[in-house]
Amino acid sequence: MSRQMGDNHRRFLQTMMVNGIIDEHGARALYQYCCETHHTQYAPDKLDEFIDTINSRLQPMFMQIRKGMSEDNGQQYYALVNMAETDITRMSSDYADNELELFRKTMDLIVGSENGKASSTDILNTTDSMTTKKLKKSETEHLLSRLVHDKWLSEKRGEYTLSTRCIIEMEPYIRTMYQDQFKECHICRNIAFQCQICENPTCGIKIHNPCVARYFKGRSEPRCPACDDFWPHEIPEVKRPHSQSRR
């Protein structure tokens, strides 16, 4: 049976409601702060149990604090997600119909690409095929900035990717709507967009860059974990967790 929620749980949940998503290092620091502030027992290895207690109370409201991995750096994140629906209509209170349509088209571009990215030019071009009220260039650019600010998209040098929050929260929608287009990472089994791909035409598995770094670390000759072909891509370095990089 789950434990009763206390003020420490409520403070943690309130912070999650404000931030939407927080990395594992931040979640552990917040967990410790909440316990110490409300003079309750703090057990460093019990964060997930602490969150399970909160989730048991969120279930009737179709909400959940869900854990997922960043494709960019491999770090674990916790996101407060809405589970009442499994599609983009959950965003309807914040975005107009034509804005939601452009977001769907942006998702189509990103999911359908080989590298999990969509350029700003390609996104702007999709406005010509909109069925709702078309967005002007300035309106599209403003919307993209909003989607980045609201943590639905990430942007680097004019290229957009699905943010960690988006992948965690939209996973059911992605798996349903794009079931023939996306693949899972062969190592962590999470949805893979930004990744390396085995070049063997009969294999073609995908592995997240952070998973590539960890899997091939210390191996003298990198070979595909599925077909054993030589892995021709550059092996990235293992990134240290945020908590260690500060030391």
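Is Thr 106 buried or exposed? In this predicted model, Thr 106 is buried, with a relative accessible area of 1%.

**Figure 1. The surroundings of Thr 106 in helix α4.** Thr 106 belongs to helix α4. Its relative accessible area is 1%, and a residue counts as buried when this value is under 20%, so Thr 106 is placed in the buried class. With its neighbours within four places in sequence set aside, Thr 106 is in contact with Ile 123 and Leu 153.

**Figure 2. The domains of the protein chain.** The chain is divided into domain 1 (7-61), domain 2 (89-177) and domain 3 (195-247). Between the C-alpha centres of domain 1 and domain 3 there are 33 Å.

**Figure 3. Helix α1 and its buried face.** Helix α1 covers residues 7-19, which makes 13 residues. From its first C-alpha to its last it reaches 18 Å, close to the 18 Å expected at 1.5 Å a residue. The buried residues of α1 are Asn 8, His 9, Phe 12, Leu 13 and Met 16. Seen down the helix axis, the buried residues of α1 fall within an arc of 130°, so they line one face of the helix. Gln 14, Met 17 and Val 18, on the other side of α1, are exposed. Several elements help to cover the buried residues, including β1 (21-23), α2 (24-37) and α3 (47-58). The strands β2 (63-69) and β3 (76-82) are also part of this cover. After α1 comes Gly 20, with a positive phi near 80°.

**Figure 4. Two nonpolar cores.** The largest nonpolar core has 28 residues. Phe 103, Leu 162 and Ile 174 have the most contacts inside this core. At least two of its residues are supplied by each of α4 (97-112), α6 (137-149), β6 (159-162) and α7 (164-177). Helix α4 gives the largest share, six residues. Another core, of 18 residues, lies apart from the largest one. Among its members are Phe 12, Met 16, Ala 43 and Ile 65. As a general background, nonpolar side chains in soluble globular proteins tend to be buried together.

**Figure 5. Two loop residues with positive phi, Lys 151 and Arg 157.** Most residues other than glycine have a negative phi. Lys 151 is not a glycine, yet its phi is positive, at about 70°. It sits in the loop between α6 and β5 (153-156). The relative accessibility of Lys 151 is 33%, and it counts as partly exposed. Arg 157 is not a glycine either, and its phi is positive, at about 50°. The place of Arg 157 is the loop between β5 and β6. With 79% relative accessibility, Arg 157 counts as exposed.

**Figure 6. The span that UniProt names "domain: RING-type".** An unreviewed UniProt entry places this feature at residues 185-228. The C-alpha atoms at the two ends of residues 185-228 are 16 Å apart. Helix makes up 18% of the span, and strand makes up 18%.

**Figure 7. Gly 218 in its loop.** Gly 218 is found in the loop between α8 (209-216) and α9 (242-245). Its relative accessible area is 81%. The cut-off for exposed is over 50%, so Gly 218 is classed as exposed. Gly 218 and Gly 158 are 60 residues apart along the chain, and 35 Å separate their C-alpha atoms.

Key. Residues are numbered from 1 along each chain as its sequence is written. Side-chain values use heavy atoms; hydrogens and water are left out. Domain bounds come from an automatic or database domain assignment. Helices (H or I, at least four residues) and strands (E, at least two) are DSSP runs, numbered from the N terminus. The expected span of a helix is 1.5 Å times one less than its number of residues. Buried means under 20% relative accessible area, exposed over 50%, partly exposed in between (1.4 Å probe, protein chains only). The arc is that of the directions from the helix axis to the C-beta atoms. Contact means heavy atoms within 4.5 Å. UniProt positions are given in the numbering used here, feature names are shortened, and annotations may be inferred rather than shown by experiment. A nonpolar core is a set of buried Ala, Val, Leu, Ile, Met, Phe, Trp, Tyr and Cys residues joined through side-chain atoms within 4.5 Å.
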